[in-house]
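Open the model in a viewer that can select by chain and residue range. The stops below are meant to be followed in order.

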Amino acid sequence: MLSYILKRLAQGILTVWFIATATFFAMHNVPGDPLTNDRAMTDITRANLEAKYGLDQPITTQYLIFLRNLSRGDFGISFVQENREVNDIIREHFPVSAILGVLAVIFAATGGVLFGALTALYRNRFPDYLIMFLVIMGISVPSFVVAALSQLSLVTFNNLIGFTVLPVAGWGTILHMLVPALVLGLSTMAYLTRLMRSSMLEVTSSDYVRTAKSKGVPATRIFTRHQLRNAILPVVTVLGPAIAAITTGGFVVELVFAIPGLGRYFVEAVQQLDYTVIMGTTVFYGAFLVFMVIIVDVVYGLIDPRVRMET
Amino acid sequence: MSDTGSVVIEADQGFTHSAGIQLAKFAGIAIAGLAAFIYLLWIIAGEAGSTTSGNAIDVENNSITIALREEPPQLDANRATDASSLVVLAHVMEGLLGYDIDAQLVPGVAERYEIRADGATFWLREDSFWSDGVPVTAKDFVFSWKRVVDPETASQYAFILYPIKNAEAINSGELPVETLGVRAVSDRVLEVDFERPTPYFDKLVAYLTYFPVREDFFNSTEGRYGADADMLLYNGAYLLTEWVHGSTMRWVKNPSYWNRENKGFLDEIRTAYITQDINAKLNLFKDGQIVDTHLLSPMLPTAMEQRWPIDRSMDGSVFYLEFNHRDDRITRNKNFRRALQLAQDSNELVYKVLKEPSYLPGVSLFPAWLSGVSESFQKEYPPVRHQMNVEKAREHLELARQELGLDEFPPLMMLAGDTPISLLSAEYYQQLFRKNLGLEFRIDVQIFKQRLEKMRQGEFDIVLSGWGPDYNDVLTYGDLFSSWNLQNRGRYDSPEMDSWIRIAQSELDPQKRMDAFGEIQRLLYEDVVILPMYERGFSFVVDSRLQNFRRRSVGPEVDYNYAYIDSSSD
């Protein structure tokens, strides 16, 4: 098991290095640079700024410097937020995205498992049709539409009631988080519901469930021990990447609900060509994603001994 | 999705029932667990930058809540270049001169001043203090201005100080910083020497790059000047007391501000939201969380339904099609440019395509709100009344074709930004020039910085460009197309234009100076340097209880310096 984990970690580091390198060179090949601004500047001003940020070095030197700093976990100072270290930006804003993401995943997982099990139980009956209809909606409607619509309905609702029940935007209390987290988790919830439904149906018709039934095991016990536990496996598998995807993919929700998360910096950095922030957030998100996948593999091994045997 | 499994055993009714109960139990446990977890998150989240909402107007505490478009990158006035920093700094800092509620120039730190042909003198007031109680002195301006032109500082707005003697040479590294033509005769007298006569210098010193910086405090910040609320000294109507990056700011009334009788009536202004999403801002306004927001035309029906009083203002910017005048370009040919000029009409663009009610059709580089000698510039020097004339346009195009020795025109490149308005305009011109002149344009859509870089490199034939004012004088636009202006990215180069711009820069007689701008305006049209598209404006709404809120064409886009709450008007 340990050697398996170590092997996966080594692969992970290689992947992150590859992501970093590809991003680095792609970014430097985009026309313009972080210093380009609306007001044109004199040559000497530009030269001074370039020297300050090391942009006057040849690209390979810059790459080597970047790698050296990366190995120390230092991403440097943002070009746009001139006095802030990229590490500070990540440290201050990632927790916000993470809290939002975790809440979204919890919503998604709880909802997905419950609704999935429900649809399987009531297969081809009304609850099944209703939920599956909503699932299709959840998957196909893009999150910016859902976000904008839910915000609009919040406003309408608050206006109707006469006072602010749930805040329309902003961050700080749990009330601020509920709606954005729900919106963020919605498509994952829909996906998990589908997954749970089909895996539940597969399990229901499996041999061990039939055996358990014929042995006379109580129905609730069959449901919890044999059906749920087995059916939930595929859900756990996709949960890891889902956590990473949700946590890193909250840009639209963060924008609409004015949430000070990292997603906003990630996207704005690309628009502003803020080299250091682009690299910092990309490497951070990349590492996070890879790490989540590794964790899932390990957890999967714990739940299902067969996986461990194969490695 | 498909149901798998070859043998599907239909769950019997009893099984479903008991399993359903089990599921309900699970759901109960899950919800309870979720609630507990959420409570935990709540506690953790308290640590991570909260924006805790308040109401738009808090009459009891005499405070308001607003939204900012972006997080200010930093609040170092000497180096700031963006609109959000300007908004914040205009409330917490003050320069030698400032603007009153009607955007007229009024004394700030300087109680009076004198502008001569060779220089200027500013007499500073006694009762202007920094937020730590130390008086603001002439030395603070000397330190600040030297810092701006020092090439080491790499301030992108250094050019705005170029009228000061030796500033440009210092900024290009040819002279030492000490030679800058500014000195503190005493704590309260500031002397400035000019490089050339600068009759509009009073308008320049109101700009934030000219704001004072105190040397001992600056040195104590160790390179982090303006990075946080406690890394700045304030001398404006408000003090920045709290700055949580990416989420909130708190500006509170400055108790020692000298002009508190006329400015800074609110006890507190909170910027609780940072978002560029205008729909989110509208929702926040609707929900009573922020005091003002601007509106785009699709939102106007909503605003009217709500019976909000809709106001509008010009944001100061002018947008235009800029030609590439470099030698190897077809757009270098004047007949070609004339053909495009005659084939379009900005009225159609604004009224039929963009349909933004607060936009004005572009008629000149100099927008309608600029003043001339005694009244509006456009009144004193009316721009040419442009008439679309496709017949004549085709004649000019034919002339251009012959002059260039072409059989037919190759496809040309139209560079555009990625904003909806920019895209819409580009598509309009594309089809217009195809229909009227049979010309093919390819639209090259680029995000902001890439577009600027392509403009700098000259990789375009026509670019959708624009300019916002830095100071309240025609010259803020007037020198754009001089051969020496780095901003002139189409490289228009005309001795006649240059000579008029020189006069506009230095002429002391206001009438002769404005005449020069009139000539520049004429030349811009006759030589078809640009094709004006529109002057941008905004429709906006503001909470009816907030009085004297202003949106500005020059200076901060939103100005709460004179705002106060009138709870009786609801």
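The tour goes through confidence, then chain A, the contact between the chains, and the parts of chain B.

**Before selecting anything**

This is a predicted model, in which local features need pLDDT of at least 70, side-chain atom pairs count only at pLDDT 80 or more, and totals for chains, interfaces and linings use all residues. Residues are numbered from 1 along each chain as its sequence is written, while chains are lettered from A and ligands numbered from 1 in the order in which they are written. The model scores ipTM 0.80 and pTM 0.85.

**Stop 1: colour by pLDDT**

pLDDT is the predictor's confidence in each residue, from 0 to 100. Chain A averages 86, with 97% of the residues at 70 or above. Chain B averages 90, and 94% of its residues score at least 70. In chain B, select residues 1–9, where pLDDT stays under 50 and the model has 16 contacts beyond four places in sequence. Then select residues 47–53 of chain B: pLDDT again stays under 50, with 26 contacts beyond four places in sequence. A contact here means that the C-beta atoms of two residues, placed from the backbone, lie within 7 Å.

**Stop 2: chain A**

Show chain A as a cartoon. Its secondary structure comes to 14 helices and zero strands; helices (H or I, at least four residues) and strands (E, at least two) are DSSP runs, numbered from the N terminus. The C-alpha trace of chain A spans about 85 × 60 × 30 Å along its principal axes. Among the elements of chain A, helix 3 (residues 59–71) has the highest mean pLDDT, 92, and helix 14 (residues 305–310) the lowest, 60.

Next, select residues 94–300 of chain A, where UniProt (unreviewed entry) places the feature "domain: ABC transmembrane type-1". This span is 84% helix and 0% strand, and its end C-alpha atoms lie 27 Å apart. UniProt positions are given in the numbering used here, feature names are shortened, and annotations may be inferred rather than shown by experiment.

The annotation "transmembrane region" in the unreviewed UniProt entry covers several ranges of chain A, including 12–30 and 169–192. Residues 12–30 of chain A are 89% helix and 0% strand, with end C-alpha atoms 27 Å apart. Residues 169–192 of chain A are 79% helix and 0% strand, and their end C-alpha atoms lie 27 Å apart.

**Stop 3: where the chains meet**

Select the residues of each chain that contact the other: 71 of chain B and 66 of chain A. Which elements of chain B give two or more residues to this side? They are helix 1 (13–45), strand 11 (268–274), helix 7 (278–286) and helix 14 (448–457) of chain B. Helix 1 of chain B gives the largest share, 17 residues. The chain B side divides into 33 nonpolar, 29 polar and nine charged residues. Here Ala, Val, Leu, Ile, Met, Phe, Trp, Tyr, Cys and Pro count as nonpolar, Asp, Glu, Lys and Arg as charged, and the others, Gly among them, as polar.

**Stop 4: domains of chain B**

Colour chain B by domain: domain 1 (3–11 + 319–537), domain 2 (31–69 + 237–314 + 542–569) and domain 3 (83–220). These bounds come from an automatic or database domain assignment. The centres of domain 1 and domain 3 of chain B, taken over C-alpha atoms, are 34 Å apart. Their contact takes nine residues from domain 1 of chain B and ten from domain 3 of chain B.

**Stop 5: the four-stranded sheet**

Chain B has an open sheet of four strands in the order 5-6-8-7, with antiparallel pairing; two strands pair if DSSP finds at least two bridges between them. Strand 5 (110–115) and strand 7 (182–186) of chain B stand at the edges, each with a single partner strand, so one side of each has no neighbour in the sheet.

Strands 5 and 6 of chain B form a hairpin with three residues between them, and they pair over five bridges. To find one of these, pick Glu114(B), whose bridge partner in strand 6 of chain B is Thr121(B). Strand 7 and strand 8 (residues 189–193) of chain B pair over four bridges; Ser186(B) has Val189(B) as its bridge partner.

Now add helix 3 (residues 138–149) of chain B, which packs on this sheet and touches strand 6 (119–124), strand 7 and strand 8 of chain B.

**Stop 6: the five-stranded sheet**

Another open sheet in chain B has five strands in the order 1-2-11-10-9, with mixed pairing. Strand 10 (residues 248–253) and strand 11 of chain B run antiparallel and are joined by four bridges. Pick Val252(B) to find its bridge partner in strand 11 of chain B, Glu268(B).

Terms used
Axes are lines fitted to C-alpha atoms, for helices over the stretch in contact, and angles run from 0 to 180 degrees between N-to-C directions.
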